[in-house]
Amino acid sequence: MPRSFPRPHRDDLLIAAAGLSCGLLLWSFGLHMSGGRLFEQRWAPLIPLAVMTVMEALRRTAPRTALIIGSVAIAADQFTDGSLATVLMFTDVVYAAVVYGPPASARRIPYTTGLITVAVTVVLLVWWQNAFALLVGVLTGMVSFLPAVTGAVVRNHRDAAEAARLRAEQTALLAEMDRTQAIAAERTRMARELHDMVANHLSAIAIHSTAALSIDDGATTRQALSVIRENSVAGLEEMRRLIGLLRDGSGADDVPAAVPRLSGLAALVEQARANGAPSGLAFSLDDTRARTEEALPAPVELAAYRIVQESLTNAIKHAPAGTVAVVLARDPRALTVRVTSPYGERPGPRAPGSGAGLVGMRERVALLGGEFEAGPVSDGDGARIWRVRAVLPAEERTAEA
């Protein structure tokens, strides 16, 4: 298929028409660059003018072709009386070749025109041996080198502006991606926090309400209602604290925002003991940490507290009768949390579970760069137990992606 002729740009057609009109006007008044050239016919300057007009129309769509043919036309114009319009259009063709041409051509043209200017000046100085050679050299530089340098400056500024625009778009895109990821991470964190804070109380409420409905006994019903009330009040308080953290500055001082610490584990185990007693569960806490040890970072203590809390909640929901043991140990580099509970089917009411608790515990440990494992294992007597074990760094650090 034959290659189609490049379609000139509308602005280039207007520039070419203006150049041709000026050239014809100068020619009609007999205004020429010089006289006594090789071709003295009056119509001779019109040929380079017409060729340069066509090249001017192609200055944007075919800049290299326009420059090559335009250079031939300006050279031919030197053998006629010449036209100022032809020279001016050639300077614009040189400028356009640098601005709109390929990057390689844009880099070479200024150096090439500079070398041509120096070569013309040197050759004419040797040949004529007078100051007029310097004048011709300056004119050559103004016609070729100066437009090329101007085009290079304009192109550099244009490329820099385009690069800045692309960087701004990339920065905006990265900022939007960071914002989206931050929102997703915050939603995940708040979902995990909400689950860990409320699931314990709601599980106890579900179990005791089911027991109250299943067993027609006044004492059992009163005890269940008492536990339900205690967990409802505690759950509301936890929810109120979480809502306070989500609110803006207005009224924030009225909401307690204390982060749970390991010092509150005794109260947490005592609450679990009250909630799990109707299911035949006993609870023990063995904190082997030395009291003189340096305090752990708040995120580490919060993660350990939530792991124990969720493990006790799961035991109340699923474990058969037996002992739930909470053990804390610390060495200079890590805090180890281990919660064991009976494993197997149990009679009586059970609260449904979705597995979100284990996911939340695993996420908490991963965010701190620790180790986590949960599942059924065998104890020393061969019995099956459910064990949750988390190793948290004694110093706060984030896990690598």
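Ala-304 is a fully covered spot in this predicted model: its relative accessible area comes out at 0%, so Ala-304 counts as buried, the cut-off being under 20%. The residue belongs to helix H9, which runs over residues 298–318. What does Ala-304 touch, once its neighbours within four places in sequence are set aside? The contacts are Leu-262, Leu-335, Val-337 and Leu-392. Met-361 can be placed relative to this residue too: 57 residues separate Ala-304 and Met-361 in sequence, while their C-alpha atoms lie 9.1 Å apart in space.

Gln-129 makes a handy counterpoint. With a relative accessibility of 65%, Gln-129 is exposed, since the cut-off for that label is over 50%. It sits in the loop that links helix H5 (103–128) and helix H6 (132–214). The backbone here is worth a look as well: phi of Gln-129 is near 60 degrees, a positive value, and the residue is not a glycine.

Turning to helix packing, H2 (residues 46–57) and H3 (residues 63–77) form a pair whose axes come within 9 Å of each other. How are the two helices oriented, parallel or antiparallel? Their axes cross at roughly 165 degrees, and because angles over 145 degrees count that way, H2 and H3 are roughly antiparallel. The handedness of this crossing is left-handed. On the H2 side, the contact is made by Pro-48, Val-51, Met-52 and Met-55. These meet a set of residues in H3, namely Thr-65, Ala-66, Ile-69, Gly-70, Ala-73, Ile-74, Ala-76 and Asp-77. Sorted by class, the H2–H3 contact has nine nonpolar residues, two polar ones and one charged one.

As for the chain overall, the secondary structure of the protein chain amounts to 10 helices and five strands. The chain has 401 residues, and 37% of them are buried; Ala-304 is one of the buried residues. About 23000 Å² of the protein chain is exposed, and 63% of that area is supplied by carbon and sulfur atoms. Contacts were also sorted by how far apart the partners sit in sequence. Among those with a separation of 6 or more, 73% join residues that are 24 or more positions apart.

Methods:
Residues are numbered from 1 along each chain as its sequence is written. This is a predicted model: local features need pLDDT of at least 70, side-chain atom pairs count only at pLDDT 80 or more; totals for chains, interfaces and linings use all residues. Side-chain values use heavy atoms; hydrogens and water are left out. Helices (H or I, at least four residues) and strands (E, at least two) are DSSP runs, numbered from the N terminus. Buried means under 20% relative accessible area, exposed over 50%, partly exposed in between (1.4 Å probe, protein chains only). Contact means heavy atoms within 4.5 Å. Accessible areas come from the Shrake-Rupley method with a 1.4 Å probe; for residues, only the protein chains shown count as cover. Axes are lines fitted to C-alpha atoms, for helices over the stretch in contact, and angles run from 0 to 180 degrees between N-to-C directions. Angles under 35 degrees count as roughly parallel, over 145 as roughly antiparallel, 65 to 115 as roughly perpendicular and the rest as oblique. A crossing is left-handed if the near helix is turned anticlockwise from the far one by less than a right angle, and right-handed if clockwise. Ala, Val, Leu, Ile, Met, Phe, Trp, Tyr, Cys and Pro count as nonpolar, Asp, Glu, Lys and Arg as charged, and the others, Gly among them, as polar.
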